[in-house]
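Trainee: I have a new model open and would like to learn how to read its features. Could you take me through it step by step?

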Amino acid sequence: MQTVDNTQDQIEFDQRIEAEQKIEPTDYMPEAYRQNLIRQMSQHAHSEVIGMQPEGNWITRAPTLRRKAVLLSKVQDEAGHGLYLYSATESLGITRSDLIEALQSGAAKYASIFNYPTLTWADIGAIGWLVDGAAIVNQISLQRTSYGPYARAMVRICKEESFHQRQGYEIMTVLAKGSAEQKQMAQDAMNRNWWPSLMMFGPHDSDSAHSGKSMKWKIKRQPNDYLRQKFIDQTVPQIEVLGLQMPDLKLKWNEDNGNYDSGEINWEEFYQVINGSGPCNYQRIKHHKKAHKEGEWVREAVRAYQEKQTAKNQTNVA
């Protein structure tokens with residue numbers, strides 16, 4: 001990986017970005033491009049891993065064996081997504097331990113939606129339907145991101161996220177078509193998860209500290225507000241099919257621009273959660289630290305095995 005600024009290298013880099021050519025780990029890249037990638041990719045990886053917690057909380061309480069098996073598979077997928085993304089981020093010359101330290105110290109962020117509690121089984125449906133649905137809208141375009149390892153990781157992730165979204169919607173469908181109590185459970189879960197799902201796309205583009213550069217370098221392919229609007233427009237008809245009430249009372253169809261007008265997001269809440277003051281921020285990081293510490297023996301065993309194999313190979317060469 002070459003990051004030393006050089007005028008000719010910079011020109012060639014810009015030309016490759018403009019020509020939609022992928023940047024690979026051994027290629028020249030500006031240091032600012034590399035840092036922007038590390039920020040975005042590690043945040044994505046952290047979100048996958050922390051996102052296992054609110055759903056994992058319901059594995060032992062799923063209503064049927066089938067539901068339990070499906071949810072267990074879904075949480076396992078999220079662990080795999082984190083692994084793909086951490087591995088892709090490491091190709092930028094940063095270690096896994098540095099990434100974990102940044103998460104646990106609060107220097108790195110993750111999706112704010114995972115700092116909300118899963119109060120009922122319906123929350124598992126809402127997460128799959130709304131949260132993973134929002135993730136798909138955002139991540140489909142990332143299959144065309146300019147950094148090769150990130151783009152390739154997103155291909156498989158998007159395929160698996162589409163399964164997660166269908167799983168969540170199926171849960172919501174069963175609840176919405178069930179008893180009055182079940183339908184109310186679905187309504188309540190949607191009401192609580194709707195606005196945090198919209199916050200997943202980040203602040204308005206005019207208020208984003210990173211969108212401009214990310215769009216310029218084609219790390220990010222579509223603006224926050226465009227993606228958020230796309231999610232709203234595709235989700236409202238699904239709410240209508242479920243027969244649930246819209247959580248946004250100001251939501252209405254705009255004939256002139258061909259999409260839905262919606263109410264304003266509570267950005268004060270968004271920034272409070274992002275900055276560590278959400279309902280579950282402390283709990284999520286505390287649990288991550290505990291699990292990381294308990295897994296140290298596995299990492300020690302891996303290191304010992306690697307050292308043993310290295311010594312063996314050196315002996316054979318000698």
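Mentor: Gladly! Let's begin with a pair of helices: helix 4 and helix 5 are roughly perpendicular to each other (65 to 115 degrees counts as roughly perpendicular, under 35 as roughly parallel, over 145 as roughly antiparallel and the rest as oblique). Before we go on, note that this is a predicted model, where local features need pLDDT of at least 70 and side-chain atom pairs count only at pLDDT 80 or more, while totals for chains, interfaces and linings use all residues. Residues are numbered from 1 along each chain as its sequence is written, and side-chain values use heavy atoms, leaving out hydrogens and water.

Trainee: At what angle do helix 4 and helix 5 pack, and how far apart are their axes?

Mentor: An axis is a line fitted to C-alpha atoms, for helices over the stretch in contact, and the angle runs from 0 to 180 degrees between N-to-C directions. Helices are DSSP runs of H or I with at least four residues, numbered from the N terminus. Here helix 4 (residues 65-90) and helix 5 (residues 96-105) pack at about 115 degrees, and their axes are 9 Å apart.

Trainee: Which residues make the contact between helix 4 and helix 5?

Mentor: Contact means heavy atoms within 4.5 Å. Helix 4 brings L83, Y86, S87, T89 and E90, and helix 5 brings R96, L99, I100 and L103. Sorted by class, this contact has five nonpolar, two polar and two charged residues. For that sorting, Ala, Val, Leu, Ile, Met, Phe, Trp, Tyr, Cys and Pro are nonpolar, Asp, Glu, Lys and Arg are charged, and the others, Gly among them, are polar.

Trainee: What is the handedness of the crossing of helix 4 and helix 7?

Mentor: A crossing is left-handed if the near helix is turned anticlockwise from the far one by less than a right angle, and right-handed if clockwise. The crossing of helix 4 and helix 7 is left-handed, whereas helix 4 passes helix 5 in a right-handed crossing. The axes of helix 4 and helix 7 come within 10 Å and cross at roughly 160 degrees, which means that helix 4 is roughly antiparallel to helix 7. Their contact divides into 12 nonpolar, three polar and nine charged residues.

Trainee: Now the interior. Which residues touch the most other members of the largest nonpolar core?

Mentor: First, the general idea: in soluble globular proteins, nonpolar side chains tend to be buried together. A nonpolar core is a set of buried Ala, Val, Leu, Ile, Met, Phe, Trp, Tyr and Cys residues joined through side-chain atoms within 4.5 Å. In this model the largest one has 39 residues, and W121, W129, M172, F231 and L244 touch the most other members. Two or more residues come from each of helix 4, helix 6, helix 7 (148-176), helix 8 (180-199), helix 10 (224-242) and helix 11 (267-277). Helix 6 gives the most, with eight residues. Another core, of 36 residues, lies apart from this one and includes I23, L37, L85 and C158.

Trainee: Is G128 buried or exposed?

Mentor: Buried means under 20% relative accessible area, exposed over 50%, and partly exposed in between, with a 1.4 Å probe and protein chains only. G128, in helix 6 (residues 121-140), has a relative accessible area of 0%, so G128 is buried. Not counting residues up to four places away in sequence, G128 touches K74, G133, H164, Q165, Q167 and G168. S214 in helix 9 (residues 211-216) is also buried, at 1%. Leaving aside neighbours within four places, S214 is in contact with N36, R39, Q40, I219 and K220.

Trainee: Where does I274 sit, and which residues is I274 in contact with?

Mentor: I274 is in helix 11 and is partly exposed, with a relative accessible area of 22%. Beyond neighbours within four places in sequence, I274 is in contact with K109, Y110 and S112.

Trainee: One last feature: what is the phi of E20?

Mentor: E20 has a positive phi of about 65 degrees although E20 is not a glycine. E20 lies in the loop between helix 1 (7-18) and helix 2 (31-50) and is partly exposed, at 40%. K218, also not a glycine, has a positive phi of about 60 degrees. K218 is found in the loop between helix 9 and helix 10 and counts as buried at 15% relative accessibility.
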